[in-house]
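Reader: I have a structure to go through with you. Shall we take it piece by piece?

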Amino acid sequence: MNIESMYNSLLNGISTTGGLENATQSVTTNAAGAPSFDNLLSESMEKLNHQQVASNEAITGLITGDVDNLHNVMIQATEAQLSLELAIQVRNKAIEAYNDVKNMQF
């Protein structure tokens, strides 16, 4: 899986079958008609949080015996883990880019 598809998975939610258009439909747009960055970022973080919560609930259900399908629980946990790792890498790249711009000399 390459970085672009992982990023799109984060934006769209792993279980969502729609394209990037579906992820940005509820995002407000700025004057130029492009989605605003803060809304896009907050929606992505909400989806990441939802995946983490769903993974925790699935694991809890497995432990308590409510869920008997280990395969689906492992898939949810792996999806949540990959989404979190991707978010961390995106954050690291953003911080690195910010520091590069900050250290530029004019």
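Reader: Which residue just after helix 3 takes a positive phi?

Author: Keep in mind that this is a predicted model. Helix 3 covers residues 37-64. Just after this helix, phi turns positive, at about 95 degrees, and the residue is Gly65.

Reader: What is the overall fold pattern, read along the sequence?

Author: The chain has four helices. It has zero strands. Read along the sequence, the pattern is therefore α-α-α-α.

Reader: How far apart are the end C-alpha atoms of helix 3, and what span should its residues give?

Author: Helix 3 has 28 residues. The expected span is 1.5 Å times one less than the number of residues. That should give 40 Å, and the end C-alpha atoms agree, at 40 Å.

Reader: And how far apart are the end C-alpha atoms of helix 4?

Author: Helix 4 runs over residues 70-102 and has 33 residues. At 1.5 Å a residue, the helix should span 48 Å. The distance between its end C-alpha atoms agrees: 48 Å.

Reader: Which residue caps the N-terminal end of helix 4?

Author: Look at the backbone nitrogen of His71. A side-chain oxygen lies 3.2 Å from that nitrogen. The oxygen belongs to the capping residue, Asn69.

Reader: Is Ser55 buried or exposed?

Author: Ser55 is found in helix 3. Its relative accessibility is 6%. Buried means under 20%, so Ser55 counts as buried.

Reader: Leaving aside neighbours within four places in sequence, which residues is Ser55 in contact with?

Author: Helix 4 spans residues 70-102. Its buried residues include Ala80, and Ala80 is one of the contacts of Ser55. The full set is Gln76, Ala77 and Ala80.

Reader: Which residues of helix 3 are buried?

Author: Ser55 is among them, at 6% relative accessibility. Met45 is partly exposed. The buried set is Leu40, Glu43, Ser44, Leu48, Gln51, Ser55, Ala58 and Gly61.

Reader: Which residues form the nonpolar patch on the surface?

Author: One member lies in helix 3 at 37% relative accessibility, so it counts as partly exposed: Met45. The patch has about 320 Å² of accessible area together. Its members are Phe37, Leu41 and Met45.

Reader: Which side chains does the side chain of Ser36 make polar contacts with?

Author: Ser36 sits in the loop between helix 2 and helix 3. Its relative accessible area is 15%, so Ser36 is buried. One polar contact is 3.0 Å, the other 2.8 Å. The partners are Asp38 and Asn39.

Reader: What share of the accessible surface of the chain belongs to carbon and sulfur atoms?

Author: The chain has 106 residues, and buried residues make up 22% of them. Its accessible surface comes to about 7800 Å². The share of carbon and sulfur atoms is 57%.

Reader: Among contacts between residues at least 6 apart in sequence, what share joins residues at least 24 apart?

Author: The contact of Ser55 with Ala80 is one example of a contact across the sequence. For the chain, the share joining residues at least 24 apart is 49%.

Terms used
Residues are numbered from 1 along each chain as its sequence is written. This is a predicted model: local features need pLDDT of at least 70, side-chain atom pairs count only at pLDDT 80 or more; totals for chains, interfaces and linings use all residues. Side-chain values use heavy atoms; hydrogens and water are left out. Helices (H or I, at least four residues) and strands (E, at least two) are DSSP runs, numbered from the N terminus. Buried means under 20% relative accessible area, exposed over 50%, partly exposed in between (1.4 Å probe, protein chains only). Contact means heavy atoms within 4.5 Å. Accessible areas come from the Shrake-Rupley method with a 1.4 Å probe; for residues, only the protein chains shown count as cover. Patches are made of residues with over 30% relative accessible area and no salt bridge: like charges are joined within 9 Å, nonpolar side chains (Val, Leu, Ile, Met, Phe, Trp, Tyr) within 5 Å. A salt bridge is a side-chain nitrogen of Lys or Arg within 4 Å of a carboxyl oxygen of Asp or Glu. A polar contact is a pair of N or O atoms within 3.5 Å; within protein, one must be able to donate a hydrogen and the other to accept it, and residues adjacent in sequence count only if both atoms are side-chain atoms.
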